[in-house]
Structure formats: structure tokens, C-alpha cells
Amino acid sequence: MSALSSRLFEREVIVCVGAGGVGKTTVAATVALQAALSGKRAIVLTIDPARRLANALGLAELGNQATRVELPDAPGELWAMMLDLKRSWDEFITRTVSTEHRDAILRNRFYQTLSSSLAGSQEYIATEKLYELHSSGRWEVLVLDTPPTQNALDFLDAPRRILDFLGNKPLRRLLAPALVAGRFGLRLFQMGGKAILEGLSRLTGIETLEELARFLVEIQPTYDAFKERAAKVRELLASDRAAFLLVTTAHGTPVEEAISFHRMLVEAKTNVAAVIANRVHVDHLGELSLPSPEELADELLREGVPDSGQPALSERLARTLREMRALASLDARNLERLAASVHPTPQVRVPRFPADVYDLAALRMVADHLFSRS
Amino acid sequence: MSRLARRLHVVIGKGGVGKTTVSAALGLQLSRAGRRVLVAEVRVQQIPRLLGAEGRGYEIVRIADRLEAISLDPKEAMREYALMRLHSKLLVRSLLENRVVTAFLGFIPSLPELVMLGKLLHCVRTGEWDTVIFDAPATGHGLTFLGVPQALRDAVPPGALRSEADWMQEILVDSTATAVELVTLPEELAVNETLELAEKAGQGLGLPLGRVLLNRHVPLRFSDEELKRLEVGIASEKLAAASRAAREHEIRARRSRHFEERLRSSLSLPLVTLPMLHPERAFGRAEIEALAERIEAAS
């Protein structure tokens, strides 16, 4: 089994990806912590951390503010920021759109889709924010905890989807005459593509069409700025300044998802530094055979521990060991399949701790498993 | 018949808490109690496989007596919705194969959620099944789904979309028809999210809440006294491993009880604990059966 090396911190940008509920935030925070301990100025950008972890990192309720985490023994610096994705979109629009169109855009329902529910929009703005902070030069290592994604493609496809959304040429051409005239409503139906527009209006209503037309006019100035920026973000993520960490648990479904995520990341020519298997059940018996209750009863007797209770202590211990072995061997089988599927990407395992990981001390414990000491 | 059975059970929770497993178990339990059950999931097809059947695209799959499954797909649901509106297969085909149209439809806020929810609630309405179980997407997206009819009623003028939203909302807020089942784990993050979810779904969206299903629950097994005796000076390797396993077991068990109590005191909802299972092979039909029995016993 391998571990991450601190050579990882030669990368300026580290992106943690994976399904929801696998512990991405913990891994991202641990990586940034380790970077600080190895002398780097590091920041972790998280989306929706557990409250206690947020407290441990000193994260305020307010989003998009970098907060320094006190680490007296670290030669580097640890910073944390909770990303507010909606606000990041609003800031992006404010930066790129002239004042006369700005308010209309921020109110438009299509902008609401763009900034909140369009597949990939959260992923995109998170990487855009990452790019902005990277450009500022304030930090040497930036670790991004991505939003839970159903599909790795949502993440990689994000810029293309957004560009499609902002600069859809066929749609623009269809609506252009009405846009130029500055008039909407029934005028739409006097143009080419009449059948299509009629069909559409029966599905969604004419008001929706009008609102879309307005949105396309207002967003136009943003399009070129966005396109340029998206290309730069993409370039950074595909360069050797960036590394991806694919996080999963050892459960069947997340492992399947991790395998397909990995394939997509590799196809997209990104640099996957490691697959991190989090919360892996450990068999404390190791290579030893599973003891029967009788065997344990004998040993209890030898150690002078009373085998009391109902069921007897020896029986309960044997059962606990049996359950532990079942969980550990199921995990081991899933992780072997994962390792074979992502070869030669190294797999790093972090054991499941009996309690949740919520403070800096616990993050250091995770770091001990994640990183080799060399 | 279970007093907890409704026409629609929405199974919701944070990613990774076991929503799909619980949906399958609930489906098995209700179908065994004599109800005709349809289990619906979004975009994926995990439930037939979990229960040892084969999925077949977007057709309804028969899994067992009175138990069927369906996978909701945005494109397929859009096609069905368009057909309902336009009454012409030819028109629907030419529209939905048009790049401009598909691009346009992709922009409409929450349209995929609306048409999929429409398909789901149509299944509830037909009466072909006594109970429909919806394995909803994880928290945020799940709430978006359930909030779509209300959002549309607020945002859209009367018309085609608005009348869709009206009948859908009527089923969703009817406490004799619908129950939102909250699946969670004995962990801080999952429990916090469940409490927020209950608030947002209940007070926020006005949806009737059903039960809390606390998954991967670990039972108390060792006393402090026993753990202390096992802690010191154990020479036997196996007993030392057993001691360690027992200590970890008990930490989890006590956390299970702690979070169970927290959920009980914060939410006045029935709570069902579903035990942590330890399958010898992969997690599958036998495990779902065990959970179904547990749900039945608690009903």
C-alpha cells in the first residue's frame, strides 16, 4: 500500500473529486494541513463542511473569505475558505458585465439556472474561484474540495456547458430578428422557425421564450470574457501545475463511481496523483485466524478476565471479531478491484476511525495515514 | 396492512447514507404486506440489481410479486410530457430532435426535474400501484426536485406549466397520500443535515414527514467494566485484537445511541433503527431482506 509523498506539493493546485459522502472535505483539509506542515503557504477551499470541521478551521458563516488557521508548530501557513458558489457567480457577473445590464441579468430566471442548477455550473465557478486565487499569488498550494458530483463529466464538461448556454448560436440566430426589433411576443411567430417556436411555446409558454431572448442579449458582453477565462482555467487544470485526488470509500457503489470517474479524468488528460480510499475497515486480527468463542473463553481464563454476561463476553468478542473481519474483507475485495481498474494510479488507504474526524488533531491522524514520513 | 403505508414515499437524505438500500427494503416490505409497489430512481438503475433482477433501460422492471422498479430519465420524461401536450408523435419527434429546441429546453430552470417528477406523480395518480417509492437524489438536489412545483407556481403565469405544477403540488402536500422518509447515519454531519432537511421539507415546502430511518446503527454490546478489564496487560494476540475491536465497536455503539437520542428529541417523528450489516459476500438481496424485516417489525 502506498502513501502520498510531499512531492505532491510541487503542484500548485490540488483538486479533490469524488461522489457525495465519501469524505472529500476531510481529505482536502488534511492535504492543505500537511502542505502547511511541510512549509508551504496553503489554502483549502471547501463547499459545505461539517459544522465542527468548519469551526476547527475557523471558518466563518460568511463565504468567500480566507481565514488563517492557527498552527503554532507549522513552518508554513494554513488558510481556509468556505466557497459561496452563488456569490462567486454574482461577483463574476459584476466583474464582467457593464452596470446597465447587470441588475437585469442578476434577476433573470435563466441566470438563476446558470448560477445554481445548470449541471456543471457549481463545478465551474468553484474552479473559476480557484483560478482567481491562484492568480493572486498569495498561496503556494491551493486545495479545492469540489461539490458532490453525480458524474465526473459534469465537472470536466462544465466550461463547455456554460459556453453552450451563453453562446448558443442556433438559438441566437432564431431569436435574433426579434432581439433586434426589441420586441417580443407574437412577433416571434412571424419569423422563420415558426413551427419550432410554436411547438416550444405550447410546451413552456411564450413568456419563457421572451425571457430567454432578453437574457441572450444581456449576457452577450460576458460571453467573450467568459470564453477566454474558461480556456485559462482549463489550461491550468490540465497542466502539470495541477493534480487531482480521487476520493472514495470502499463501499461497492462509490468504488464503481470512482472507477468511472478515474477513466474520465484520464481521458481528459488530467493528472490523477492518487485514488484515496477513505474510511476503510481494518481487521485488527491481521493474518491471525478467527477465534471461536471457546478459544477466546480459554484465553480470558488465562488472562484472569471473567467470562461473564449474557451472552458471555467470549461469545460477544468472537462475534465482534467476525463482524470486523466480514467488513474488512468486503472492503479489501472492493479495493483490489479498484486498484486493478485504476492501475497504475497509486491507491492510498485511510482507515475508518471509530469517531468522526472533526478537529485538527484528528486531521493530523488522517495525515499520518495519507502521507509517508519520508 | 401497515398503518404507515401511503401512496407515495419519498426517500431522502445525504449522499452515501443508504437511500437506495432503504428504498429497496421499503419496497420489499410493502409488497410483502400485500401492496402493489413501484420503486423509482433517477437516471440510474441500481434497485433491480440490488434485488437480484436485471434492469432494462427505461421500461418498468418486474422484481418480485407486486414489486416493480423504474428508472426516471430526463429525456424520456420530456418526450412523454411533450406527447401529452402536443398530441402528435411526429411533432414531438421533430421538436425534440431539433438542436435548438433541446438547447432551449436545457436552459429552462428545473424543467428536467419537473418532467421527471411529473412522470413519478403520474404513476402515483394512475392507481396501477398502491404505493410508489421515490429514491430521491441527495439532499440539495432532492429538495430542488420536491420544490419544483411550488417554485413554478410562484414564478410562472397561469398556463401549461402552471397547471402541471398545481396537480403535482396537491399530491405532494397531501398528508394522507405522501410521506417523506428521512434516511440518516449515526454521524454528526448526516444528523445535522437530516435536521435541516426535515425543516426545509416540512416547514419550508409543506411536505408531510414520515419516519426517520437511522441506518448502520450499532447496538451496545460491552460494559465499561468489561472494556477496562480487557485494556490492560493482555498477552494473547487474539485477545488483544478482540479488545481493540470491542473498544471500537462500543465507541460506534455509543455514538449510535447518542445520535438516536438526538434525532428523537429534535424531531417528533417515528424512528426506525436499521442495523449495521456484515455481509460475508457482497451487499445484496439477503441484506435488503434483513432490513425489510426490520422495517416490518417496526411498522
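**Entry 1: chain A as a whole**

I began with burial in chain A, and I noted that buried residues account for 55% of its 374 residues. I wrote beside this that I am working with a predicted model, and I keep that in mind for every entry below. When I looked up the secondary structure of chain A, I found 14 helices and 8 strands. I then turned to the surface, where chain A exposes about 15900 Å², with carbon and sulfur atoms supplying 50% of that area. For the contacts within chain A, I took those between residues at least 6 apart in sequence, and I noted that 74% of them join residues at least 24 apart.

**Entry 2: the sheet of chain A**

In what order do the strands of the open sheet in chain A lie? I read the order as β3-β4-β2-β5-β1-β6-β7-β8, which makes 8 strands with mixed pairing. At the edges I found β3 (67–69) and β8 (347–351) of chain A, each of which pairs on one side only. I also noted the turn between neighbouring strands of this sheet, which is 25° on average when direction is ignored.

I next picked out one pair of strands inside this sheet, namely β2 (residues 41–46) and β4 (residues 77–82) of chain A, which run parallel and are joined by 6 bridges. Within this pair, I found A:T46 standing opposite A:M82 of β4(A).

Two helices that pack on the sheet went into my notes after that. Helix α6 (residues 121–136) of chain A touches β1 (13–17), β2, β4 and β5 (141–145) of chain A, and its direction makes about 170° with that of β5(A). Helix α11 (residues 252–267) of chain A touches β1, β6 (242–249) and β7 (272–280) of chain A, and here I noted an angle of about 165° with the direction of β6(A).

**Entry 3: the sheet of chain B**

I moved on to chain B, where I found an open sheet of 8 strands in the order β3-β4-β2-β5-β1-β6-β7-β8, again with mixed pairing. Why is one side of β3 and of β8 in chain B left without a neighbour in the sheet? I noted that β3 (61–64) and β8 (271–275) of chain B stand at the edges and have a single partner strand each, so one side of each stays free of a neighbour in the sheet. From one strand to the next, the twist averages 25°. Helix α11 (residues 237–266) of chain B packs on this sheet and touches β6 (178–184), β7 (209–217) and β8 of chain B, while its direction makes about 175° with that of β7(B).

I then looked at the edge strand β3(B) and its partner β4 (residues 67–72) of chain B, which run antiparallel and are joined by 3 bridges. B:V61 has B:A69 as its bridge partner in β4(B), and B:A64 stands opposite B:L67. The two strands form a hairpin with 2 residues between them, and in the turn I noted B:R66, which has a positive phi of about 60°.

**Entry 4: where the two chains meet**

How many residues does the contact take from each chain? I noted 60 residues from chain A and 63 residues from chain B. The area buried between chain A and chain B is about 5700 Å², and carbon and sulfur atoms give 63% of it. On the side of chain A, I singled out A:L203, A:H284 and A:P354, which supply 13% of the area that chain A buries against chain B, more than any other three residues. Finally, I looked up the 4 salt bridges found across this interface, and I recorded the one between B:R255 and A:D356, in which the closest N and O atoms are 2.8 Å apart.

Notes. Residues are numbered from 1 along each chain as its sequence is written. Chains are lettered from A and ligands numbered from 1 in the order in which they are written. This is a predicted model: local features need pLDDT of at least 70, side-chain atom pairs count only at pLDDT 80 or more; totals for chains, interfaces and linings use all residues. Side-chain values use heavy atoms; hydrogens and water are left out. Two strands pair if DSSP finds at least two bridges between them. Helices (H or I, at least four residues) and strands (E, at least two) are DSSP runs, numbered from the N terminus. Axes are lines fitted to C-alpha atoms, for helices over the stretch in contact, and angles run from 0 to 180 degrees between N-to-C directions. Contact means heavy atoms within 4.5 Å. Buried means under 20% relative accessible area, exposed over 50%, partly exposed in between (1.4 Å probe, protein chains only). Accessible areas come from the Shrake-Rupley method with a 1.4 Å probe; for residues, only the protein chains shown count as cover. Buried area is the accessible area (1.4 Å probe) that two parts lose on being put together, summed over both. A salt bridge is a side-chain nitrogen of Lys or Arg within 4 Å of a carboxyl oxygen of Asp or Glu.
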